[in-house]
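This report covers the salt bridges, the sheets and a pocket of one protein chain. The sequence and structure come next.

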Amino acid sequence: VVDSSPNTNTGTPANITVSDGAFMFNGTSSLIESTTSIVNQTGDVVHAFSLWIKPSVGDLDDTGNHYLVAYGTELNTGKWSGISISNKRFASVIHASVVRFGPEVRSGEWYHIVLNYKGGGIHNSNRFDFFINGTQIDTTTLSAAGSQAGSATLNLSSPAKIVIGGLFGGSERSSSIIANARLFSKALNADQVQELYDYQKD
């Protein structure tokens with residue numbers, strides 16, 4: 001998997017099917033993990049994820065998290081950040097701190113999602129912005145399933161890795177279809193999010 005930025009952080013796919021430029025994950029053995037380490041800032045680092053996701057029925061169960069993307073070093077407290085589908089909703093995750101929000105996700109429908117992690121301390125709904133299909137949603141209205149916020153502060157180490165379709169080591173994998181996954185070293189403004197959505201939606 002080729003990194004389209006100048007940084008050449010390429011990824012190694014495992015058991016991935018490609019269809020129309022999108023990666024199809026099977027939920028058991030599929031994973032993409034960067035083969036080179038990303039030299040990044042350390043600590044409570046501002047960053048953003050952007051990706052297209054067509055959720056599978058399997059990811060919409062109630063058996064925990066199905067990770068779409070993760071960024072960091074290892075599965076230790078505060079050492080990684082990610083987006084999951086959890087209890088049928090998108091979630092921002094810093095280690096075991098899971099903030100679920102927004103409407104229930106539907107299977108078989110394409111979503112463009114952007115998560116801006118803004119930093120600032122213990123993980124909660126004030127630490128990030130979330131956009132679905134170019135529109136910012138209210139992350140302070142948590143899902144009925146509840147959240148486990150306030151238990152971690154991001155403390156990234158360097159170098160780090162990015163994983164698509166699961167977590168480091170391949171746990172809690174996704175069976176959804178994912179395309180155009182991007183990691184930014186800054187938060188995106190609303191115009192930049194809209195530009196990404198408009199550019200790729202067709």
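## Salt bridges

In this predicted model, E109 forms a salt bridge with R106, and the closest N and O atoms are 2.9 Å apart. E109 is partly exposed, with a relative accessible area of 28%. R106 also counts as partly exposed, at 48% relative accessibility.

A search of the whole structure finds three salt bridges. Another of them joins the side chains of R89 and E104, with an N to O distance of 3.9 Å. R89 lies in strand β8 (residues 89-94) and E104 in the loop between β9 (97-100) and β10 (111-117), so this salt bridge ties together parts that are 15 residues apart in sequence. The two ends differ in burial: R89 counts as buried at 14% relative accessibility, whereas E104 counts as partly exposed at 43%.

K118 and D129 also meet through their side chains in a salt bridge, at 3.2 Å from N to O. The pair links distant parts of the chain, eleven residues apart: K118 is in the loop between β10 and β11 (128-132), and D129 is in strand β11 itself. K118 is partly exposed, with a relative accessible area of 37%. D129 has 18% relative accessibility and counts as buried, because the cut-off for buried is under 20%.

## The sheet from β1 to β9

One open sheet is formed by seven strands in the order β1-β4-β13-β6-β7-β8-β9, with antiparallel pairing. Its edge strands are β1 (11-14) and β9, each of which pairs on one side only. Neighbouring strands of this sheet are turned by 20° against each other on average, with direction ignored.

Within this order, strand β6 (residues 65-72) and strand β7 (residues 80-86) pair in the antiparallel sense over seven bridges. N65 stands opposite S86 in β7. Strand β8, which holds R89 of the salt bridge with E104, comes between β7 and β9 in the order of the sheet.

## The sheet from β2 to β12

An open sheet of seven strands has the order β2-β3-β14-β5-β10-β11-β12, and its pairing is antiparallel. The edge strands here are β2 (17-19) and β12 (135-136), each pairing on one side only. At the β2 end, β2 and β3 pair in the antiparallel sense over three bridges. The bridge partner of S19 is A22, in β3.

Further along the order, β5 and β10 run antiparallel and are joined by seven bridges. F49 has L115 of β10 as its bridge partner. On the other side of β10 in the strand order, β10 and β11 pair in the antiparallel sense over five bridges. One residue pair there is I113 with its bridge partner I132 in β11.

## Burial around β10

How many of the seven residues of β10 are buried? Seven of the seven are, so β10 is largely enclosed by the rest of the structure. Y111, I113, L115 and Y117 point one way from the strand, H112, V114 and N116 point the other way, and all are buried. Two of these residues were named above as bridge partners: L115 for F49, and I113 for I132.

Strand β5 contains W52. W52 is buried, with a relative accessible area of 8%. The C-alpha atoms of W52 and I132 are separated by 9.8 Å, although the two residues are 80 residues apart along the chain.

## The second largest pocket

The second largest pocket has a volume of about 240 Å³. It is lined by 13 residues, of which S19, D20, A22, W110 and A179 are the closest to its centre. S19 and A22, both in this group, are also bridge partners.

Which strands each supply at least two residues of the lining? They are β3 (22-24), β5 (47-54) and β14 (177-184). The largest share, three residues, comes from β14. In the strand order of the sheet, β14 stands between β3 and β5. By residue class, the lining divides into six nonpolar, four polar and three charged residues.

Terms used
Residues numbered from 1 in each chain as written. Predicted model: local features only at pLDDT ≥ 70, side-chain atom pairs only at ≥ 80, totals over all residues. Heavy atoms only, no water. 1 Å grid on protein atoms, 1.4 Å probe; cavity = no way out; pocket = protein on both sides within 12 Å on 5 of 7 lines; lining within 4 Å. Points joined across faces, edges and corners; volume = space filled by probe spheres on them. Helix = DSSP H or I, 4+ residues; strand = E, 2+ residues; numbered from the N terminus. Nonpolar A, V, L, I, M, F, W, Y, C, P; charged D, E, K, R; others polar. Salt bridge = Lys/Arg side-chain N within 4 Å of Asp/Glu carboxyl O. Buried < 20%, exposed > 50% of the residue type's maximum accessible area, 1.4 Å probe, protein only. Pairing = 2+ DSSP bridges. Axes fitted to C-alpha atoms, helices over the stretch in contact; angles between N-to-C directions.
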